[in-house]
Amino acid sequence: MSGLTPPQQQLIDLLGKADSDPEPFPTDLALELRAELEEATAPLLADLAGERLFVSKAALSGIHGCEAQHVASRKNFEWSVPTVRGTVAHRAIELSVHWRGGRAPRELGGEALARLGDDHNGPAPHIQHHDEGDRAQL
């Protein structure tokens, strides 16, 4: 028994596995990358003057996808049914990969919506604002 959930096994089967082991990274790669990152961000950190900087995976993905769209969406972003649906779907997919024993999509969607609605960040206020019928449509 591999200890993987069925969705995890499906993902591995879908992606396949290389016939040979990949070449390992050089042992000092992490140190080199950190030094480059610290050197490149030193001017930004000086401008922050002790403020905390948080960089998320979503922000990095957005900025590398289309910088103009990313900047515009940050200024004008509002939670809407389509953006909440996307967030719920993403959370349900995350749950499906890590939930042992597997769950039906309906259960995963309900669990994702409940967890997002209980959170204090993200779409929670938008989710809580709607009645049960509207939440069911999400």
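These are my notebook entries on helices, salt bridges, a surface patch and a few single residues in a predicted model.

**Entry 1: helix α5**

I began with helix α5, which covers residues 81–98, and checked its length against what a helix of that many residues should give. At 1.5 Å a residue its 18 residues should span 26 Å, and the end C-alpha atoms are 26 Å apart, so the two values agree. I then asked which residues of α5 are buried. Val84, Val88, Ala92, Leu95 and Ser96 are the ones I noted as buried in this helix. Looking down the axis of α5, I found that its buried residues fall within an arc of 110 degrees, and they therefore line one face of the helix. On the other side of α5 I noted Pro82, Ile93 and His98 as exposed. For the partners of the buried residues, I recorded packing against α1 (6–15), α6 (105–118) and α7 (124–129).

**Entry 2: helix α6**

I repeated the length check on α6, whose 14 residues should span 20 Å at 1.5 Å a residue; the end C-alpha atoms are 20 Å apart, which agrees. The buried residues here are Leu108, Ala112, Leu113, Leu116 and Gly117. Seen down the axis of α6, they fall within an arc of 160 degrees, so in this helix too the buried residues line one face. What covers them includes α5 and α7, and also α8 (132–137).

**Entry 3: salt bridges**

How many salt bridges does the model hold? I counted 3, and I looked up each pair with its place in the fold and its accessibility.

In helix α2, the side chains of Glu38 and Arg34 meet in a salt bridge with an N to O distance of 2.9 Å. The two residues are 4 apart in that helix, about one turn. Arg34 has 55% relative accessibility and counts as exposed because the cut-off for that class is over 50%. Glu38, at 44%, counts as partly exposed.

In helix α5, Glu94 is bridged to Arg91, with the closest N and O atoms 3.5 Å apart. These residues are 3 apart in the helix, again about one turn. I have Glu94 as partly exposed at 34% relative accessibility, and Arg91 as partly exposed at 27%.

In helix α6, Arg115 and Glu111 join their side chains in a salt bridge at 2.6 Å, N to O. They lie 4 residues apart, about one turn of the helix. Arg115 is partly exposed at 41% relative accessibility, and Glu111 is partly exposed with a relative accessible area of 26%.

**Entry 4: Trp79 and His126**

Where does Trp79 lie? I found it in the loop between α4 (67–76) and α5. With a relative accessible area of 29%, Trp79 is partly exposed. Setting aside neighbours within four places in sequence, I listed its contacts as Val84, Thr87, Gly122, Pro123 and His126. I also looked up one separation along this stretch of chain: the C-alpha atoms of Trp79 and Ile63, 16 residues apart in sequence, are separated by 19 Å.

Following the contact to His126, I found this residue in helix α7. Is His126 buried or exposed? At 18% relative accessibility His126 counts as buried, because that class means under 20%. Its contacts, with neighbours within four places in sequence left out, are Trp79, Ser80, Val81 and Val84. Val84 is one of the buried residues of α5 recorded in the first entry, and Val84 is listed among the contacts of Trp79 as well.

**Entry 5: Pro6 and a surface patch**

Pro6 is found in helix α1, and with a relative accessible area of 46% Pro6 is partly exposed. From Pro6 to Ser80 the sequence separation is 74 residues, and their C-alpha atoms are 33 Å apart in space.

Lastly, I asked which residues make the nonpolar surface patch of about 440 Å². The patch is made by Leu44, Leu45, Leu53, Val55 and Leu60. I followed up Leu45, which lies in helix α2 (residues 29–48), and noted that at 46% relative accessibility Leu45 counts as partly exposed.

Notes. Residues numbered from 1 in each chain as written. Predicted model: local features only at pLDDT ≥ 70, side-chain atom pairs only at ≥ 80, totals over all residues. Heavy atoms only, no water. Patch = residues over 30% accessible without salt bridge, like charges linked within 9 Å, V, L, I, M, F, W, Y side chains within 5 Å. Areas by Shrake-Rupley, 256 points an atom, 1.4 Å probe, with all protein chains shown as cover. Salt bridge = Lys/Arg side-chain N within 4 Å of Asp/Glu carboxyl O. Buried < 20%, exposed > 50% of the residue type's maximum accessible area, 1.4 Å probe, protein only. Expected span 1.5 Å × (residues − 1). Arc of directions from axis to C-beta. Contact = heavy atoms within 4.5 Å.
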